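The questions below concern one protein chain. Each is followed by a short answer.

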Amino acid sequence: MREDDKAVCGDSACLGIEKREEIKSNPQLCAIEYRINRRPGRFPRVSDNAIDWERYIENRKSAVRCKVEHPYRIVKNIFGFRKTVYRGLRKNLNRLHVLFASANLYMLARAGGSLCPA
C-alpha cells in the first residue's frame, strides 16, 4: 500500500484485517478505511419483492475489485508471468511494465479498439 491510500477494497478472505496487531500498531495503516466484502452466508433474508440493498452494495464493491484484478489475470495466464525470475530488480520491474502495457493493448484489441485516432 502507498502512503496516500485512503481506502482498501478486499474480498471476504480479508475479514478482520483492521483487528490485526500489525495494522493497529501502525498509525498510517490504522487510518485507512477497509472496504471488505461480507461472506455470502452472512446476508439477512429478504422477501421476494423487496430490493436487497446489502447484496447490491457488496456487488458494487466486487465490481471495482474485478476491474483492478483483470489485468493481473491476463499477465499471469496469457503472458505466462506466474513465477518470479531472479534477474535483478530493474529487469523484473521493466518486464512487469512491458507485460502490463501488453495487457492494456490486448484488452484494447479484444474490445475492438485501435491505436489510431479516428
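Q: How many aromatic pairs does the structure hold, and which residues form an aromatic pair?
A: The model is a predicted one. The structure holds one aromatic pair. Its centres lie 5.2 Å from each other, and the planes are at 75 degrees, which makes the pair edge-to-face. The residues that form the pair are Y72 and F100.

Q: Which helices does the aromatic pair link, and how many residues apart are Y72 and F100?
A: The pair links distant parts of the chain. Y72 belongs to helix α3 and F100 to helix α4. The two residues are 28 residues apart.

Q: Is Y72 buried, exposed or partly exposed?
A: A residue is buried under 20% relative accessible area and exposed over 50%. Y72 has 49% relative accessibility, so Y72 falls between these cut-offs. Y72 therefore counts as partly exposed.

Q: Is F100 buried, exposed or partly exposed?
A: The relative accessible area of F100 is 24%. Buried requires a value under 20% and exposed one over 50%, so F100 meets neither condition. F100 is partly exposed.

Q: What span does helix α3 reach from its first C-alpha to its last?
A: Helix α3 covers residues 53-78, which is 26 residues. At 1.5 Å a residue, 38 Å is expected, and the span in the model is close to that. From first C-alpha to last, α3 reaches 36 Å.

Q: Where does α3 bend, and which proline follows within four residues?
A: The bend in α3 is about 35 degrees and lies at V68. Within four residues a proline follows, and this proline is among the buried residues of α3. The proline is P71.

Q: What covers the buried residues of α3?
A: The buried residues of α3 include E58, K61, R65 and I74. Their cover includes two strands and a helix. These are β1 (7-10), β2 (33-36) and α4 (89-110).

Q: Is N92 buried or exposed, and which residues is N92 in contact with beyond its neighbours within four places in sequence?
A: N92 lies in helix α4. Its relative accessibility is 16%, so N92 is under the 20% cut-off and counts as buried. Leaving aside neighbours within four places in sequence, the contacts of N92 are T84, V85 and R87.

Q: What is the radius of gyration of the protein?
A: The protein has four helices and two strands, in the order β-α-α-β-α-α from the N terminus. For 118 residues the globule rule gives 13 Å, and the protein is well over this, so it is more spread out than a compact globule. Its radius of gyration is 19 Å.

Definitions and conventions. Residues are numbered from 1 along each chain as its sequence is written. This is a predicted model: local features need pLDDT of at least 70, side-chain atom pairs count only at pLDDT 80 or more; totals for chains, interfaces and linings use all residues. Side-chain values use heavy atoms; hydrogens and water are left out. The expected span of a helix is 1.5 Å times one less than its number of residues. The bend at a residue is the angle between axes fitted to the seven residues ending there and the seven starting there. Buried means under 20% relative accessible area, exposed over 50%, partly exposed in between (1.4 Å probe, protein chains only). Contact means heavy atoms within 4.5 Å. Rings of Phe, Tyr and Trp (its six-membered ring) pair if their centres lie within 6.5 Å; planes under 30 degrees apart count as stacked, over 60 as edge-to-face and the rest as tilted. The radius of gyration is taken over C-alpha atoms; the globule rule is 2.2 Å times the number of residues to the power 0.38.
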